[in-house]
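Please open the model in your viewer and keep the selection panel at hand. The stops below go from a sheet to a pocket and then to enclosed spaces.

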Amino acid sequence: MIEPMKKVTIFSLKERRQSTTEELRRLGLMHIESMTLKSEGAVLEEAKKAELEKVLAELEEVKEKKEKVDSLELKVSFDETEKALLALSEEKKALSEEISRLTVEKERLEAFGNLEPSLVESLRKEDIDLHFYTISDKDYRKIKDSDEFTSIVLKRGKQSIVMTVNSEMRGSGAIEFLLGSMSLEEVSRKLDLDDIRLAEIKKTFRSYLPYEHEWIKRIREREENIRFENVKSSAFEEGDVIYITGYIPAKRIDDFKKEALSFSWAYLIDDIKDEDNPPTLVTYPGFVRIIKPVFDILGVVPGYREYDISTYFLLFFSLFFAMIIGDAGYGIVFLIAAIVMHIKNRKASDINILLYVLSFTTIIWGALTGTYFGSEAILLKFPFLQKLILPAVTNFPDVVGVDSDWAQNMLMKFCFILGAVQLSLACVLNIIHKVPRKDLSWVADLGWLIDIVLLYLLVLYLVIGAACPFRLVVIGVATGFLLVCCFSGQAPGIPFVKGLLAGLGGFFTTFLNTVSCMSNIMSYIRLFAVGMASLAIAQSFNDMGAGFMPIGVVVIILGHVLNIVMGLLSVIVHGVRLNLLEFSGQLGIEWSGYEYDPFRKVEEK
C-alpha cells in the first residue's frame with residue numbers, strides 16, 4: 001500500500017540553523033520538500049569529494065579484476081597521504097600524456113634514423129643548411145636532375161627520403177620533415193625513463209590498496225556533508241526565525257512530535273492538499289516485497305495519489321514470465337541458478353526468492369505445454385511427462401492426440417482471456433476506489449468494463465473465428481462508449497453538468513481510446529507469439545546439433561543459452577510492458593511518483 005503522508009513545517013531560531021539541521025538529520029523522518037541543489041557549502045564539499053574520487057579511481061585502476069585485498073588501518077595522516085597521492089595522480093597524468101606524445105614522435109623519427117638536431121643546427125651556423133623531405137619515387141624522378149637544388153637520397157622506395165643542402169624542394173610534391181628538439185635515441189631513452197617512473201607510481205598506488213576502504217568511507221562522508229549543506233541552505237528565513245517544510249509518513253507523526261519536543265521545535269502539521277506533490281512510500285505486504293527489485297531495476301514509482309499494484313504486478317508478471325520463457329527445462333536452469341545463489345549468499349534475498357517463484361511458474365507452465373528444451377524426443381522417452389500436459393495449451397499436439405489448429409487457437413484464446421481479465425480488473429479496482437469517495441467517474445469505468453468484455457468477444461471472432469453475438473457487441477460497446485463520454489469528466493466537487501460537458505468535449509479522444517481498448521486486448525497475443533518463437537528457436541538448434549554429433553552438443557548448448565538470453569530480453573520488452581502500459585494505463589497510473597527519501601544519516605554497511 002501507499003502510505004499516507006503529512007506535510008510538516010518546523011520552526012526554529014535563525015542562530016540555531018546548524019544545530020537544527022543536525023537534529024533534523026538525527027530525526028531521520030522528514031523528506032525535504034524543496035531542497036537546494038547547489039549551496040555554497042555543498043560546492044566546497046563536492047570539490048573535496050572529487051579529489052577523493054580521483055585517488056579512489058587510481059586505486060581501482062591498479063587493482064586486478066576480482067582481486068581481494070585485506071583491509072588495513074591507515075596509521076599515518078590521511079590528509080598528508082591524500083595530498084601525496086593526488087600529486088602522484090597529477091604526475092601520472094602528465095607522464096601518460098608525455099608518453100603518448102613521445103611515442104608519436106618516435107614513430108615519426110624512425111623513418112629518418114637517428115638524426116642529431118644539435119648537429120644539424122651547428123652545421124646551419126656554418127652556412128650548411130640541411131633540409132629533409134619525403135617524396136614519392138615518381139615525383140623524385142621528375143626533379144632529381146634539377147639544377148635548382150642539390151639533393152642526396154637517404155632512402156629509396158615508394159616514399160623516398162631526400163636531404164637537400166643549402167636549397168629547398170618547393171613545389172615538387174615533397175613534404176618537409178621538421179626535426180624536433182630531440183633525436184630518436186633521446187626520445188627512446190626518455191620513453192624508457194617515463195615507463196619506469198609510471199611503473200613506480202602504479203606500484204605506489206598498489207601499496208595503498210589495503211586502505212581503499214578509507215577513501216570509500218570519506219567519500220560517503222562527503223556525500224553526507226553535501227546533502228547536509230543543501231538541507232541547511234533550504235531553510236527559509238523570516239526575521240529571526242527559520243522554517244523548513246517536508247513530508248513525514250502519517251504513521252510516524254507521533255514519533256515526530258515526541259522528538260520535536262526534545263529539540264524545542266515549533267511545528268505545523270497539515271493534511272496533503274491537491275496542490276502538494278508528496279513523495280511515495282510503498283509498503284509491500286509480506287511475500288509481495290519480492291517484486292520490489294523489479295521496480296527498482298525499472299526505476300518506476302507510482303504517484304502518491306495512484307495505486308500500489310505490486311500484488312497484481314507480481315501475479316501477472318510471474319505468469320507472463322512463464323509463458324514467454326515457456327520451457328520447463330529452462331525453468332529447471334533458473335531453479336538451479338536460484339539454489340546456487342542461495343547457497344553462495346547463505347540466505348535467500350528478495351531477488352533470490354523471486355527467482356525461485358519465476359523458476360517454479362516456468363516449470364509448471366512448461367510441464368502443462370509439454371516443453372522440455374524444445375524437444376519432442378524427451379516427451380516420447382519419458383511417457384509420465386505426457387500425463388502432465390494440458391491438451392488445450394500443448395506445444396506438441398501430436399503427442400497427446402489433439403488437433404494442432406485447435407490447440408493453437410485455445411492457447412491464443414487463453415492469452416486474450418488474460419488480457420480481458422487484467423484490463424477488467426483495472427476497471428473493477430477503479431470502481432472500488434472511486435465509489436467510497438463519491439466520485440461519479442466510476443460510471444465511466446463501468447462503461448470501460450462493458451467495452452472490454454464485449455470487445456474481447458469481437459477479438460476472438462477476428463483472430464480465431466469464434467462465434468460472436470454482433471448485435472450484443474454493437475449495443476454493449478455503444479452503451480459503454482456513452483457512459484464513458486458522459487461520466488469521464490465527473491469528479492468530487494465538480495457540478496454534474498460541468499463534468500458532463502467536459503466528458504462530451506472529449507468525444508473524439510474517447511472514440512480513439514475505445515479502438516485502442518480492442519488493440520490492448522489483442523496485444524496480449526504477444527505472449528503466444530514470443531513463446532512460439534522461443535520454441536521454434538530451441539527446436540532449430542536441436543535439429544542443427546543432431547546432424548553432426550558429438551560436436552553438435554556444443555551447438556545445442558550454445559543455442560539454448562542464446563535462447564534463454566533472448567527470452568529474458570523478451571520478458572522485459574513484452575512481459576513488463578503489459579503491466580506498465582496496458583494494465584497501468586487502464587488504471588490511470590502514469591508512474592509519475594518519486595520515492596520517499598528522508599533526510600538522515602546513512603549508516604555505513
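In this predicted model, begin by selecting the open sheet, in which 4 strands run in the order β4-β5-β3-β6 with antiparallel pairing. Colour its two edges, β4 (150-155) and β6 (175-177), and you will see that each of these strands pairs on one side only. Looking across the sheet, the twist from one strand to the next averages 35°. Strands of a sheet pair through backbone hydrogen bonds, either parallel or antiparallel. For a view of one such pairing, select β4 together with β5 (residues 159-165), which pair in the antiparallel sense over 5 bridges; within this pair, K155 stands opposite I161 in β5.

Next, move to the largest pocket, whose volume is about 680 Å³. Its lining is made up of 27 residues, and to centre the view you can select N430, K434, Q586, L587 and G588, which lie nearest the centre of the pocket. Then show α15 (404-434), α16 (442-464), α19 (507-522) and α21 (552-587), the elements that each give two or more residues to this lining. Which element gives the largest share of the lining of the largest pocket? That share, 5 residues, comes from α21. If you colour the lining of the pocket by class, 9 residues are nonpolar, 11 are polar and 7 are charged.

From the pocket, turn to the enclosed spaces, for the structure holds 4 cavities of 30 Å³ or more. The largest cavity contains about 110 Å³ of space, and the residues to select around it are M323, I325, G326, W365, T369, V393, N395, L411, L527, F528, G531 and M532. Two or more of its lining residues come from each of α10 (310-325), α12 (350-369) and α20 (526-546), with α20 giving the most, 4 residues. By class, the lining of the largest cavity has 8 nonpolar and 4 polar residues, and no charged ones.

The last stop is the second largest cavity, where about 70 Å³ of space lies. Select I10, S12, R17, T20, T21, L24, V231, K232, A235, I242, Y243 and I244 to show the residues that line this cavity. The elements giving two or more residues here are β1 (5-13), α1 (17-27), α7 (212-234) and β8 (241-249), and α1 gives the most, with 4 residues. Coloured by class, the lining of the second largest cavity divides into 7 nonpolar, 3 polar and 2 charged residues.

Technical notes. Residues numbered from 1 in each chain as written. Predicted model: local features only at pLDDT ≥ 70, side-chain atom pairs only at ≥ 80, totals over all residues. Heavy atoms only, no water. 1 Å grid on protein atoms, 1.4 Å probe; cavity = no way out; pocket = protein on both sides within 12 Å on 5 of 7 lines; lining within 4 Å. Points joined across faces, edges and corners; volume = space filled by probe spheres on them. Nonpolar A, V, L, I, M, F, W, Y, C, P; charged D, E, K, R; others polar. Pairing = 2+ DSSP bridges. Axes fitted to C-alpha atoms, helices over the stretch in contact; angles between N-to-C directions.
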